[in-house]
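Dear colleague,

Please find the structure below, together with its sequence. I would be grateful if you would read the notes that follow with both in view.

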Amino acid sequence: MVIDLDKCTGCGACMVACAVENNCAVPPPEAADNRGLTWMRVQRADNGRDWPEHRAVAVPIPCQQCEHAPCIHVCPVTAVQLDTDTGIVGQVPQRCMGCRYCMAACPYHARYFNWWDPKWPEGMEQTLNPDVSPRMRGVAEKCNFCHGRLDRAREQAAAEGRPADEAVEYVPACVEACPHGAITFGDRQAEGSTVAELAKRPEAFRLLAALGTEPKVTYLSRDPWVRRVGLRRLDMVRGQCD
């Protein structure tokens, strides 16, 4: 996944699409107070200075799908696994015991705890995505690049007699919902693919690259300040940078 921060306006459409697509359980009072559960957060970082030295940026932060994911190593019940075929770090809620070690280990703050039972107001259960199972209360959750859509794409490819690896043509809900085309998704290992070409640009960087987690989410920005704090500062994913 490649996210162009120069195009992102921080509208939050990706967050809403993510929550709807993945059947995130959010009680109405929590949603009204903007405390709903979503697997993607749009954080705002700024340098706290006045114009003309002021700098600010909106940063969508899904799970970075790390090649060397800290959350995998700390989970005592192997509820977190790396799919070597797709590179997606998956979560198995049936195994999760709610210890939240994975949340503590994630340097990107991209994991969330489900405090609520999967209940919706009467009638709203008809709007749920049938391809994604609601999770029970007391488990950790995370972005999985809309794995339900991947499974659907694989089924479609099989029905049409196409190779399963062509299922990468699917796009996650956040990509589809972004009104400014700031998010691009695809196979970075495919020669000539859009994401592979974007990741090679001079303005490309990955959050906290020095940690060695090898995230599969790449960011773009022509602003040197954005690239500098994204590479080095944990504060960026928390929302404040000097």
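**The surroundings of A25**

Leaving aside neighbours within four places in sequence, A25 is in contact with L37, N114, W116, D117, P118 and W120. Please bear in mind throughout that this is a predicted model. A25 belongs to the loop between α1 (13-21) and α2 (28-32). Is A25 buried or exposed? Its relative accessible area is 4%, so A25 is buried. The chain also brings A25 and K119 together: 94 residues separate them in sequence, while their C-alpha atoms are 6.6 Å apart.

**Helix α1**

Which residues of α1 are buried? They are C14, M15, A17, C18 and E21. These residues cover an arc of only 165° around the axis, and therefore they lie on the same side of α1. A general point helps here: an α-helix has 3.6 residues a turn, so residues three or four places apart point the same way. On the face of α1 turned away from the buried side, one finds the exposed residues V16 and V20. The buried residues of α1 are covered by elements including β2, β3, α5, α6 (173-177) and β8. After α1 comes N23, which has a positive phi, near 55°.

**Strands β2 and β3**

Two of the elements that cover α1, namely β2 and β3, also pair with each other. Strand β2 (residues 41-46) runs antiparallel to β3, and the pairing extends over 6 bridges. Within this pairing, D46 is opposite A56 in β3. Why is strand β3 described as largely enclosed by the rest of the structure? The reason is that 5 of the 6 residues of β3 (residues 56-61) are buried.

**Aromatic rings**

How many aromatic pairs does a search of the whole structure find? The search finds 4. One of the pairs is formed by F113 and W115, which meet edge-to-face, with 4.8 Å from centre to centre and 75° between the planes. The two partners differ in their exposure: F113 is buried because its relative accessibility is 11%, whereas W115 is exposed, with a relative accessible area of 51%. A further edge-to-face pair consists of F145 and F185, since their ring centres are 5.2 Å apart and their planes stand at 80°. This pair links distant parts of the chain, for F145 and F185 are 40 residues apart. F145 is in the loop between β7 (140-142) and α5 (147-159), and F185 is in the loop between β8 (183-184) and α7 (194-199). Both F145 and F185 are buried. Ring pairs also join F145 and F185 with Y170 in a cluster.

F113 has a charged neighbour as well: R100 lies over the face of the F113 ring, at 4.5 Å from the ring centre.

**Cysteines**

How many disulfides are there? The count is 0, where a disulfide requires two cysteine sulfur atoms within 2.5 Å. C11 is in no disulfide, and the nearest cysteine sulfur, which belongs to C178, is 6.2 Å away. For C63, the closest cysteine sulfur is that of C143, at 5.6 Å, which is too far for a bond. C63 is also buried, because its relative accessibility is 9%.

Yours sincerely

Note on methods. Residues are numbered from 1 along each chain as its sequence is written. This is a predicted model: local features need pLDDT of at least 70, side-chain atom pairs count only at pLDDT 80 or more; totals for chains, interfaces and linings use all residues. Side-chain values use heavy atoms; hydrogens and water are left out. Rings of Phe, Tyr and Trp (its six-membered ring) pair if their centres lie within 6.5 Å; planes under 30 degrees apart count as stacked, over 60 as edge-to-face and the rest as tilted. Buried means under 20% relative accessible area, exposed over 50%, partly exposed in between (1.4 Å probe, protein chains only). Helices (H or I, at least four residues) and strands (E, at least two) are DSSP runs, numbered from the N terminus. A charge sits over a ring if NZ of Lys or CZ of Arg is within 6 Å of the ring centre and within 35 degrees of the ring normal. Contact means heavy atoms within 4.5 Å. Two strands pair if DSSP finds at least two bridges between them. The arc is that of the directions from the helix axis to the C-beta atoms.
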